[in-house]
Amino acid sequence: MCSLQALCSGLPLRPLPENRGRWAGVPHAPVRTPGLSPAEEQLALKNALRYFPPDVQEVLAPEFAQELRLYGHIYMYRFCPDLEMRAYPVERYPCRTRAAAAIMLMIMNNLDPAVAQFPQELVTYGGNGHVFSNWAQFWLTMSYLAQMTEEQTLVMYSGHPLGLFPSSPEAPRLVITNGMVIPNYSSRTEYEKLFAMGVTMYGQMTAGSYCYIGPQGIVHGTVLTVLNAGRRYLGLQDLAGKVFVTSGLGGMSGAQAKAAVIVGCIGVIAEVDGAALMKRHRQGWLMEVTGSLDHCIERLREARKRKEVLSLGYHGNVVDLWERLVHELDTTGELLVDLGSDQTSCHNPFNGGYYPVQLGFAEAQSLMASDPTAFKGLVQESLRRHVSAINRLAREHFFFWDYGNAFLLEAQRAGADVGKPGANRTEFRYPSYVQHIMGDIFSQGFGPFRWVCTSADPQDLAVTDRLATSALEGIVAGGVTPAVKLQYVDNIRWIQEAAKHQLVVGSQARILYSDQKGRVAIAMAFNQAIARGELKAPVVLSRDHHDVSGTDSPFRETSNIYDGSAFCADMAVQNFVGDAFRGATWVALHNGGGVGWGEVINGGFGLVLDGTEDAERKARRVLSWDVANGVTRRCWSGSPMAYEVICQTMREDSGVVVTLPHAVADGRVLQALQQ
């Protein structure tokens with residue numbers, strides 16, 4: 001077994017590591033069907049071999065060619081490290097800078113089999129959210145990070161480490177771009193070809209930026225979504241006895257089971273992949289499992305009657321579950337579900353992100369590889385049935401929302417009845433969760449802020465929980481508006497109960513939703529604790545790209561932007577650039593994420609707190625811009641809440657100068673156009 005020292009020494013070539021192929025006992029990515037021409041196949045193989053000197057190419061060429069034929073991509077399985085992949089304590093990484101060691105920790109966490117969806121294919125979550133395109137890129141990146149000084153920056157092109165280049169201590173140590181394909185060529189078909197040729201990559205959001213923290217990363221957002229859905233749609237603060245039905249337990253969707261328990265409702269989550277379902281059950285995120293629809297309905301009825309808190313995994317297709325719920329309604333008059341959504345990887349519906357109800361799991365995987373056109377037809381038929389069942393239930397007191405996974409977008413493309421009379425391009429029969437549930441939170445500047453304790457010590461995480469709680473309580477005590485107070489109270493309760501819910505999978509990390517003031521206060525508290533030795537090692541600050549300023553996505557994050565700019569990506573690009581020159585340790589900009597390739601531009605950052613005054617200065621600048629950018633954009637798109645937040649920001653920070661938009665009466669516009 002290799003060591004961390006060996007892992008940072010460059011590609012292992014003499015001798016070559018043993019080719020152990022695909023591991024048994026771990027999930028693997030579906031076979032890809034890129035449809036390469038013979039010339040493109042040659043290019044794919046040539047691009048893979050260029051990482052290796054000529055004397056080993058003779059061995060590797062036929063091996064890589066076979067991978068391309070069998071799996072539709074060259075992953076370089078031979079070079080998958082013989083090492084326990086996890087987030088080791090930061091001091092164990094052989095580096096010249098603390099920043100590089102922290103980045104190594106984050107990369108290895110993204111590839112930890114307990115965290116990653118398809119670890120050998122370098123997929124962290126979402127079915128195709130890659131950390132790297134192949135294992136050679138991993139080895140080279142680790143080697144570069146080990147060598148890096150404070151006067152260098154590592155540049156990453158869609159998984160490919162371009163190299164170390166001179167910069168300065170103020171510059172980011174790492175700059176990542178993923179999927180930056182020329183817009184006219186940013187189609188799914190082109191993506192499959194370009195990825196197979198090894199020249200671009202889909203990094204999802206935090207997979208390709210090395211900032212994923214396991215399903216905890218979305219648990220809190222799901223908790224807030226379900227809580228606020230109950231408040232908005234059911235008029236309830238207490239969801240005891242209420243039923244939330246959804247699907248997906250593979251990557252981020254695994255959070256749904258835990259979220260249902262935390263909010264105190266009954267969560268029924270369908271999953272076609274038995275391995276993914278049992279993984280969540282073993283981790284304690286899923287309380288019960290059944291493969292029987294009859295038992296599922298019986299257990300659901302029982303839990304409703306007793307008002308039990310339950311997360312129940314149904315091993316089967318969610319369309320069967322929805323249609324059975326319709327059958328129960330039509331035959332007994334009993335509506336067994338109150339809230340519903342979907343978290344299949346529907347941004348990638350024809351390559352394993354959504355499995356059609358007509359086929360079993362293994363049969364579907366086989367058809368996906370052998371006849372992609374037939375598979376696509378079955379997926380679209382399944383989507384139509386899926387929506388039809390939801391539409392029937394929605395005629396009663398049942399509420400459904402799109403969870404930003406492109407479900408309604410793909411259903412519309414499949415010809416399902418999801419239209420809404422008089423709607424604009426980003427609206428459907430059912431709302432996006434941003435439009436109805438979480439959009440106001442973004443306008444207030446609240447979004448998913450997270451941190452990782454690089455000591456890998458649970459005691460450090462407990463200290464940060466206490467410090468974060470104290471920081472937020474201090475802000476509330478100083479006086480905030482009722483709407484802001486509600487958000488703080490929800491998040492304080494979340495942090496206080498976090499340890500009880502055993503949320504950590506992988507690195508010692510935590511997430512909460514906070515605004516600019518809260519993020520800065522938490523960062524200052526952490527940095528001071530590091531300086532006085534209360535925390536044993538640096539802390540990495542980050543966030544989901546799904547945040548106030550990080551993502552332009554007209555069918556999700558910016559679906560509640562109604563000034564016509566929802567399809568523009570200035571905000572996400574400016575955020576990436578602004579974080580870079582304000583002091584972020586690393587920055588990332590991606591095409592795709594959440595809703596899918598070509599549908600989104602998003603970015604993120606990592607910032608290492610090490611207890612120094614320099615780290616405090618950088619954190620203040622980065623965290624302030626990272627929120628104010630998006631709030632100001634929402635202010636200009638007409639959000640009254642964002643307007644109030646920017647006014648408050650300018651009162652408190654003389655460095656922020658914004659010309660505020662004026663109200664425009666619709667009548668005046670119509671009158672002028674009619675003249």
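This briefing walks through some side-chain contacts, a sheet and an annotated region of the structure above. Keep in mind that this is a predicted model. Searching the whole structure turns up 27 aromatic pairs and 45 salt bridges. There's also an open sheet of six strands, plus a UniProt record covering residues 440–647.

**Aromatic rings**

- Let's start with Tyr-71 and Tyr-77, one of the 27 aromatic pairs that the search finds. Their ring centres are 5.6 Å apart and their planes sit at 85°, so this pair is edge-to-face.
- Both partners are tucked away: Tyr-71 is buried, and Tyr-77 is buried as well.
- Another edge-to-face aromatic pair is made by Phe-555 and Phe-567, with 6.1 Å from centre to centre and 85° between the planes.
- Where do Phe-555 and Phe-567 lie? You'll find both of them in the loop between β15 (551–552) and α20 (570–582), so their pairing ties together parts that are 12 residues apart in sequence.
- Phe-555 has a relative accessible area of 12%, so it is buried.
- Phe-567, on the other hand, comes in at 39% relative accessibility and counts as partly exposed, because the partly exposed class runs from 20% to 50%.
- Some rings join up into a bigger group: Phe-132, Trp-135, Phe-138, Trp-139 and Tyr-210 are linked into a cluster by ring pairs.

**Charges over rings**

- Tyr-71 shows up again here, since the charged end of Arg-22 sits over its ring, 4.0 Å from the centre.
- What lies over the face of Trp-285? That's Lys-258, at 5.5 Å from the ring centre.

**Salt bridges across the chain**

- Of the 45 salt bridges found in the whole structure, one joins Arg-188 to Glu-410, and the closest N and O atoms of the two are 2.4 Å apart.
- This pair links distant parts of the chain: Arg-188 belongs to helix α6 (residues 188–196) and Glu-410 to helix α15 (residues 407–413), with the two positions 222 residues apart.
- Is Glu-410 buried or exposed? With a relative accessible area of 2%, Glu-410 is buried.
- Its partner Arg-188 has 30% relative accessibility, so Arg-188 counts as partly exposed.
- There's a network of salt bridges too, linking Asp-294, Arg-301, Arg-304, Arg-324, Glu-328 and Glu-334.

**Salt bridges within helix α21**

- Lys-618 and Asp-614 meet through their side chains in a salt bridge, at 3.4 Å from N to O. The two are four residues apart in helix α21 (residues 613–636), so about one helical turn separates them.
- Lys-618 counts as buried at 12% relative accessibility, while Asp-614 counts as partly exposed at 31%.
- Arg-620 and Glu-616 form a salt bridge as well, and here the closest N and O atoms are 3.7 Å apart.
- Why are Arg-620 and Glu-616 separated by about one helical turn? Because they are four residues apart in helix α21.
- Arg-620 counts as partly exposed at 41% relative accessibility, and Glu-616 is partly exposed with a relative accessible area of 22%.

**The six-strand sheet**

- The open sheet has six strands with parallel pairing, in the order β8-β9-β7-β6-β10-β11.
- At the edges stand β8 (288–290) and β11 (399–400). Each has a single partner strand, so one side of each is left without a neighbour in the sheet.
- Looking inside the order, strand β7 (residues 266–271) pairs with strand β9 (residues 310–315) in the parallel sense, over six bridges.
- If you want a spot to check by eye, try Gly-267, which stands opposite Ser-311 in β9.

**An annotated region and a distant contact**

- An unreviewed UniProt entry lists residues 440–647 as "domain: Urocanase C-terminal".
- Over residues 440–647, the chain is 49% helix and 17% strand, and the C-alpha atoms at the two ends are 17 Å apart.
- Asn-184 is found in the loop between β5 (174–178) and α6. It has a relative accessible area of 72%, so Asn-184 is exposed.
- How many residues apart along the chain are Asn-184 and Gly-598? The answer is 414, with their C-alpha atoms separated by 9.7 Å.

Conventions. Residues are numbered from 1 along each chain as its sequence is written. This is a predicted model: local features need pLDDT of at least 70, side-chain atom pairs count only at pLDDT 80 or more; totals for chains, interfaces and linings use all residues. Side-chain values use heavy atoms; hydrogens and water are left out. Rings of Phe, Tyr and Trp (its six-membered ring) pair if their centres lie within 6.5 Å; planes under 30 degrees apart count as stacked, over 60 as edge-to-face and the rest as tilted. Buried means under 20% relative accessible area, exposed over 50%, partly exposed in between (1.4 Å probe, protein chains only). A charge sits over a ring if NZ of Lys or CZ of Arg is within 6 Å of the ring centre and within 35 degrees of the ring normal. A salt bridge is a side-chain nitrogen of Lys or Arg within 4 Å of a carboxyl oxygen of Asp or Glu. UniProt positions are given in the numbering used here, feature names are shortened, and annotations may be inferred rather than shown by experiment. Two strands pair if DSSP finds at least two bridges between them.
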